[in-house]
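Could you walk me through how the helices in this protein pack together? I am new to this, so please explain the terms as they come up.

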Amino acid sequence: MKYTELHRNIKIRIITDFFTDLTQKSIIPFMAIYLSVQIGAGWAGMLLTVNIVASMIVGLGAGYWSDRIGRKKLMVIAQSMQVFALFWLAAANSPWMDSVLLTCVMFLLSSVSSGITMPIANAMIVDVSNEHERQYVYGLQYWTTNVAVTIGALMGGLLFESFRFILFSLVGLESLVTLFILLFYIHETMDKTHSNKTDAPIRKNMLSTYCGVFNDRRFMVFFTATVLAVALEFQLDKYIAVRLKSEFSAQLFSWDITGLQMFSLIMAINTVLVALVAFPFSKWMGCFQSGSIMTIGMCMYTAGFSMLAFSNWAWLLITSAVLLTIGELMYAPVRQVLLAGMIPDSDRAAYMAVDGMSYNAAALLGSLGLSIGAFLPSYAMAILYVLMGLGALVFFRRSLRPSAGQSDLRLRADAS
């Protein structure tokens, strides 16, 4: 499988998604600090919560309507909103204007735009790929996303505090180019999605559509597995970071390192490993069965996090960082392939929108883990992580088995 052999839409989406992720990660992680300084931590927390909830709600609406009126129309509308929001974010933080209110409003609009785009972009990739290609596509997408996150965080760290106008101008220009690409180079995939599928059930309204999604037992087992697996990842910059800051101090190569420095080293190992090996690793994994990759990957991922939860030995922490990164590299693309194969053709974007909610639920569990960790000893948190990881593995394995009545639907999806 080669990049040049992929459908035109997929090749373009991988590139544009890279820049979209770069835009988001250069802004969102630093907005909490900005808002806390400008309007206070309490109001900042409320605004960030409103952004998350608004993004979830519009994502559900976008998923429903995308399955009915087409992908491209809504993506163009969402990207136009993003360009508008970033233009005024730059203006609100320019040498000629300094408006906290306008910054808050446009940040909300930017979050809404992202909420619309995410499920549609994911559905579009499924529209024009087959089961053979998806392991490669999602491995490549996983790699580009992590590289974008790294570059975006670096850009934000260098520019956000003192050069916000320059940062918002740069990402605004990138968004304008992305809008141009969407308008003139992306093809609509709606006709392909529904051609030869006249027997696919088209539900009449949004409520019945999402009732059908939540009543899909196999998908909800998969959803639960995703929440448990991703919740472990959210522990890294919450409970694990706090524990290392308060408990860890050691020497590494005769240098004294603090808990925060150890946490930074763990993050650096994760970032470098993903950037260097994610893409070739995903191509190599295509030679093995999904079930085996999922099992081994989740076991390594779980073992890595459980050791990070209690160990204060520097070399074991470094080993854990490598272990969880390799485990994530194994299970994450398989998870995407599994998702693509189980959703019905008629409601692809709706299912993708609900899948996106699993990350919000995982984020809540991540915050809850920090609170629980204040009362439980570190070994108890390690046991909890093991239970979460094994629970995710069990549910993922159950998702690999199509339920009765879905086999034909799976075959139709793969044939697309």
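Here are some questions and answers about helix packing and nonpolar cores.

Reader: Before we start, what kind of model is this?
Author: Residues are numbered from 1 along each chain as its sequence is written. Side-chain values use heavy atoms, leaving out hydrogens and water, while local features need pLDDT of at least 70, side-chain atom pairs count only at pLDDT 80 or more, and totals for chains, interfaces and linings use all residues, since this is a predicted model.

Reader: Is α9 roughly parallel or roughly antiparallel to α11?
Author: Helices here are DSSP runs (H or I, at least four residues), numbered from the N terminus. Helix α9 (residues 217-247) and helix α11 (residues 290-310) pack at about 20°, with axes 10 Å apart; axes are lines fitted to C-alpha atoms over the stretch in contact, and angles run from 0 to 180 degrees between N-to-C directions. Angles under 35 degrees count as roughly parallel and those over 145 as roughly antiparallel. So α9 and α11 are roughly parallel.

Reader: And how do α9 and α14 run, roughly parallel or roughly antiparallel?
Author: The axes of α9 and helix α14 (residues 378-399) come within 8 Å. They cross at roughly 155°. Therefore the two helices are roughly antiparallel.

Reader: How many nonpolar residues are in the contact of α9 with α14?
Author: Ala, Val, Leu, Ile, Met, Phe, Trp, Tyr, Cys and Pro count as nonpolar, Asp, Glu, Lys and Arg as charged, and the others, Gly among them, as polar. Besides seven polar and three charged residues, this contact has a nonpolar group numbering 15.

Reader: Which helix gives the most to the largest nonpolar core?
Author: A nonpolar core is a set of buried Ala, Val, Leu, Ile, Met, Phe, Trp, Tyr and Cys residues joined through side-chain atoms within 4.5 Å. The largest one has 80 residues, and Phe 219, Met 298, Tyr 385 and Phe 396 have the most contacts inside it. With 16 residues, the top contributor is α9.

Reader: How many residues are in the other core?
Author: This core lies apart from the largest one. Met 31, Met 106, Phe 160 and Phe 168 are among its residues, which number 24.

Reader: Does Ser 292 count as buried, exposed or partly exposed?
Author: Ser 292 is found in helix α11. Buried means under 20% relative accessible area, exposed over 50% and partly exposed in between (1.4 Å probe, protein chains only). At 38% relative accessibility, Ser 292 is therefore partly exposed.

Key
Parallel < 35°, antiparallel > 145°, perpendicular 65-115°, else oblique.
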